[in-house]
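Student: I would like to take a close look at a single part of this protein and to understand how that part fits with the rest. Please choose one and explain it step by step.

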Amino acid sequence: RRGRGRSLRRRRPSVRPDKLPARAVDAQARVDRRLAMAMAAQSALGAGRAAWRRGDVGEVKRLLTPLDRAFLDRAVAAELGVLLGAAYLMLADADSAAATFASVRQRAPGLQLSRYDFPPMVCDAWQRAGGSIVDAP
């Protein structure tokens, strides 16, 4: 029971962090790769968005293609994939765009694109990949 003026006491963890087993070498490599990809994606995605707004789709492709979306969080990987797929479409590479949109749909099935953010060509390709479009920004 908690009375007035009393606070709950926190339980101490039963395992001391210094007594935990060491990570496996491959697990540490995956953690390091994930962190490196997250940092690279953060800067590349910002520059990619700016290049998209300028209409420089070649720059979008150059910035986003080297990133491995498997090591990124779902939301970041989905945004990166949509932007990369849109760049592929603008560069007349419909097969790469369809494959990229399909991978995004697999990873983020509920993702909806806005007609406000992307041209009709991209929205149509997104719908062909099974995605949905919203009319509001």
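## A helix and its surroundings

Tutor: Of the contacts in the protein chain that link residues at least 6 apart in sequence, 51% join residues at least 24 apart. With this in mind, let us study helix H2 (57-64) and the residues around it. Please remember throughout that the model is predicted.

We begin with the setting. The protein chain has five helices and two strands, and from the N terminus their order is α-α-α-α-β-α-β. The chain has 137 residues, of which 30% count as buried. Its exposed area is about 9700 Å², and carbon and sulfur atoms supply 52% of that area.

Now to H2 itself. Its buried residues are Val57, Val60, Leu63 and Leu64. Viewed down the axis of H2, these buried residues fall within an arc of 120°, so they line one face of the helix. A general rule helps here: an α-helix has 3.6 residues a turn, so residues three or four places apart point the same way. The buried residues of H2 pack against H1 and H3.

Leu64 shows this packing in detail. Apart from its neighbours within four places in sequence, Leu64 is in contact with Ala44, Leu45, Leu80, Leu83 and Leu84.

The packing can also be seen from the other side. Ala87 lies in helix H3. With a relative accessibility of 0%, Ala87 counts as buried, because the limit for that term is under 20%. When neighbours within four places in sequence are left aside, Ala87 is in contact with Trp52, Val57, Val60 and Lys61. Val57 and Val60 are among the buried residues of H2 already named. Ala87 also illustrates how residues separated along the chain can be brought together: Ala87 and Asp56 are 31 residues apart in sequence, yet their C-alpha atoms are 8.8 Å apart in space.

These contacts belong to a wider picture. In soluble globular proteins, nonpolar side chains tend to be buried together. Here the largest nonpolar core has 33 residues, and Trp52, Leu64 and Phe118 have the most contacts inside it. H2 is one of the elements that give two or more residues to this core, together with helix H1 (25-54), helix H3 (74-90), helix H4 (94-107) and helix H5 (120-128). The largest share, 10 residues, comes from H3.

Helix H5 offers a useful parallel. Its buried residues are Val122, Cys123, Ala125 and Trp126. They cover an arc of only 165° around the axis, which puts them on the same side of H5. The face of H5 turned away from that buried side carries the exposed residues Pro120 and Arg128. The partners of the buried residues of H5 are H1, H3, H4, S1 and strand S2 (132-134).

Finally, H1 and H3, against which H2 packs, also take part in the largest pocket. This pocket holds about 210 Å³ of space. Among its lining residues are Trp52, Leu83 and Phe118, and the elements that give two or more residues to the lining are H1, H3 and strand S1 (112-114). Trp52 and Phe118 thus appear in the pocket lining as well as among the core residues with the most contacts, while Leu83 is also a contact of Leu64.

Technical notes: Residues are numbered from 1 along each chain as its sequence is written. This is a predicted model: local features need pLDDT of at least 70, side-chain atom pairs count only at pLDDT 80 or more; totals for chains, interfaces and linings use all residues. Side-chain values use heavy atoms; hydrogens and water are left out. Helices (H or I, at least four residues) and strands (E, at least two) are DSSP runs, numbered from the N terminus. Buried means under 20% relative accessible area, exposed over 50%, partly exposed in between (1.4 Å probe, protein chains only). Contact means heavy atoms within 4.5 Å. Accessible areas come from the Shrake-Rupley method with a 1.4 Å probe; for residues, only the protein chains shown count as cover. A nonpolar core is a set of buried Ala, Val, Leu, Ile, Met, Phe, Trp, Tyr and Cys residues joined through side-chain atoms within 4.5 Å. The arc is that of the directions from the helix axis to the C-beta atoms. On a 1 Å grid over the protein atoms alone, a cavity is a set of points where a 1.4 Å probe fits but cannot get out, and a pocket is an open set with protein on both sides within 12 Å along at least five of seven lines; lining residues have an atom within 4 Å of a point. Grid points are joined across faces, edges and corners, and a volume is the space filled by probe spheres set on the points.
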